[in-house]
Amino acid sequence: EAAFVDPAYSYPPAEGQGKHAIELQATPHLLHKVDPTHYASDDDDSLVSDGSIVDLEAAKDKAEADFRKKKVAKVTTMEEKVSYRGFPFLKCCKSAETHVVGEAYSMEEPTANEIRRVREKAARKAAKKNKSLMNAHEENKERRLRREQRKNAEKYKRVAEGILIYRLDTAKRTITLLSGPSSNTDLENLLRHMVVATATPSNDSTRRGICLTGIDGSRATLTACEQRTAIAWLEAIDMMLSQNSNNPKILHKQSSSQWASQNLNQSQRESIQESYLNLALYSNNLIHTGQIPGSSGGGKGDSQAGIYYSIESQHVSGEKVSEETLEAIAKRRAVIKDSWDFYRMICSLLRDRRKYDELYRKMQLDPVYPYLNSMTGLNDPGDDGYANNDKIIMQKNLPKFANMSRTEVCKALVQQAEEALVSLVDICKALAGSLGMEEVGVGPVKEVSAAIRKAEKKYDGDVLKVTDYCRALLVVKDFPTLLALLELARDSFGPLVRRVKLSTLKSDHNAIPGGYRDCKINLELKEHICEIQVHLWPMWVICGVDGFRHYRHCVEYSTDSFEDPYDALDGLDRKTMAELIVMAEEAVADMPLDNVEWYHEKYILDYFAEAGLFLRHGLTVWAEVTFRQLVKLRYESPDIGADHHETRLLEKYLEMALREQNKTKEADHLRDKLKRYEKEKERERDNAKKSLWDTMFTDPWVAVDMLMDPLKLEREQEERRKKEVKASKKQWIKIRNKRFKFLDSGGRN
């Protein structure tokens, strides 16, 4: 049972979303299992059992058998024996005893007319009894119907104006109106009862509509009060319509259910349906009572018993779910919730990686970048930041380490790091004070267990190659500030510097896993190698202090190996996908799609992940609606806008949803728009890196020169790079003189 919006009214009401709505209730009637070859019609009386009706032929046979028994006569032969007491010749005290000496049966064969009359009489008697029983059952059925109507009228008499309560019966494939109409209800077009043949999602922006077609060809659209109601109902109807039916009323109108394509037998379908509806009910009750595990909801909902009670109260008397069943449902929800969290995390990781990549592309346009890109660093092996077995710098291998275990060596290095930490703090304070750092952080010293894990992952277990036992971070504003920091570090404590790693910031090197790029400076303080991580503010602000978690997850799950976050859904069965959508709706329960604003980043990510589920689950209409809303929000965002890479990505997925629905014209328009965008980006890159090849075929003399001197192009490119670096260095000098004049102690070097 669920609440739907009366078409004559608008929803939500002014008081707030869902205040008067009755939540989805998956009752035992919805989970009722039936014989797949039989669906009860509207005329069936569930109170009538096969044993209550007298079979006419059986009654006639019994009457004939009884009549024949009456025609059988039993003949008994008796013998009397006389005796006397005393002397026999006196014949006194006479006594007589009777004994049965034999028995025989004689049967008179009944005539045909007698048998006919007996059978007719029995038939009339049985028919009269059957009629009486049917009348009694009809009266019981009417009384039960009236009781149910009174019960529903009482239950829903306080339903708010404009709300209609419907029941979905998956056994009968019916949708029935339970509540009464409102004052403005269009009674002529009001859906009161329908045997469903097909159901599809509507394309309204609220994502709460279901388009229904009955077996008689009638059509209706129901708009739920809650979007999760529409999703759960549509999934339940799709499961319902996938079942084979021998009912002639339904057979010729069989729905093209997506579940019908699954190779499942009837028992499997019923089990999946029950499991899904139980999960939907469980999740709905958690939302309704504010008892979602891990949420901020408090009160008695924090107890497990409270959760169980809120679910049990939704079931009719005598049909409560057992504790074991509830525990199984709770465990299944926990598994699906973990799966949803993982999938959403993948979406987040790839989103942040795209942000890093796009930001780095823009940062390369900084006028001082070519100069920074030309630097070689110090002891920089140019690795990708993860696999680096041949690390150039490492902790000193002291003689005392020879007789120590790896754990003992780690403990000794940790002790060294604690002693060096004070000096590292002083250096960071000096740098930050001179350059006005955006953010500074020091410590904590790396733990022994963490150092061993890092050594095993990156350095074949060599703990001496771990150089960040003692660590700090500095966040600089931009590339010029980074160049100033490098110069200041060189001039202030150059003899202590052991490595300057710039490789991830250079255009011919890869970023670390996850797309992040930074600079690392290693110093030797008190015979211990320490590390200063220098972050660029535009990069840092994307993930902040969670940047390392982003890196660790990207390494663990190899996210750089695929581009599309929806690929994480590959291999999932349809049941799991449907259950993940339930969890997605649980995540956005407090924020309907049409209420999301451009600054609600958490919900935007939730809906992006859910749209991928819709796209892979065949709910392309709702995928389209969701992507349209997300594109609209990105257009409205002052930080993103129409030309942002994330907006273009959403439009790409929108094109896919449109094409799945055969909306070819609109999909082609989007495709052409995205192609123009890509061409503009390529043109920008070409203008920034124009070479002789651009004019080779327009200027025949260039082609002749290339044939005469094949190395000319390479020399020209190298010369252009040198000029570019020289011009960039001049820009850096101008910025240095303006912003960092204190770097000169006696004039510019």
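A residue counts as buried when its relative accessible area is under 20%, and the views below, all taken from a predicted model, use the word in that sense.

**View 1. The buried side of helix α10 in the predicted model.** Within α10, which spans residues 448-458, the buried residues are A451, I452, K454, A455 and K458. Because these residues cover an arc of only 165° around the axis, they fall on the same side of α10. The packing partners of the buried residues are α9 (406-435) and α13 (547-557). Just after α10, D460 adopts a positive phi of about 55°.

**View 2. The surroundings of E585 in helix α14.** E585 belongs to α14, which comprises residues 574-587, and its relative accessible area of 4% is under the 20% limit, so E585 is buried. The side chains of E585 and R207 are joined by a polar contact of 2.6 Å. When residues up to four places away in sequence are not counted, E585 touches R207, Q227, R228, I231, I287 and E610.

**View 3. An open sheet of six strands with helix α3 lying across several of them.** The strand order is β1-β4-β5-β6-β7-β8, and the pairing is antiparallel. At the edges are β1 (2-5) and β8 (219-223), each of which pairs on one side only, while the twist from one strand to the next averages 45°. Helix α3 (residues 227-241) lies across β1, β4 (163-169), β5 (174-177), β6 and β7, and runs at about 110° to β6.

**View 4. The pairing of β6 with β7.** Strands β6 (residues 193-201) and β7 (residues 209-214) pair in the antiparallel sense over five bridges, and the bridge partner of T200 in β7 is C211.

How values were computed
Residues are numbered from 1 along each chain as its sequence is written. This is a predicted model: local features need pLDDT of at least 70, side-chain atom pairs count only at pLDDT 80 or more; totals for chains, interfaces and linings use all residues. Side-chain values use heavy atoms; hydrogens and water are left out. Buried means under 20% relative accessible area, exposed over 50%, partly exposed in between (1.4 Å probe, protein chains only). Helices (H or I, at least four residues) and strands (E, at least two) are DSSP runs, numbered from the N terminus. The arc is that of the directions from the helix axis to the C-beta atoms. Contact means heavy atoms within 4.5 Å. A polar contact is a pair of N or O atoms within 3.5 Å; within protein, one must be able to donate a hydrogen and the other to accept it, and residues adjacent in sequence count only if both atoms are side-chain atoms. Two strands pair if DSSP finds at least two bridges between them. Axes are lines fitted to C-alpha atoms, for helices over the stretch in contact, and angles run from 0 to 180 degrees between N-to-C directions.
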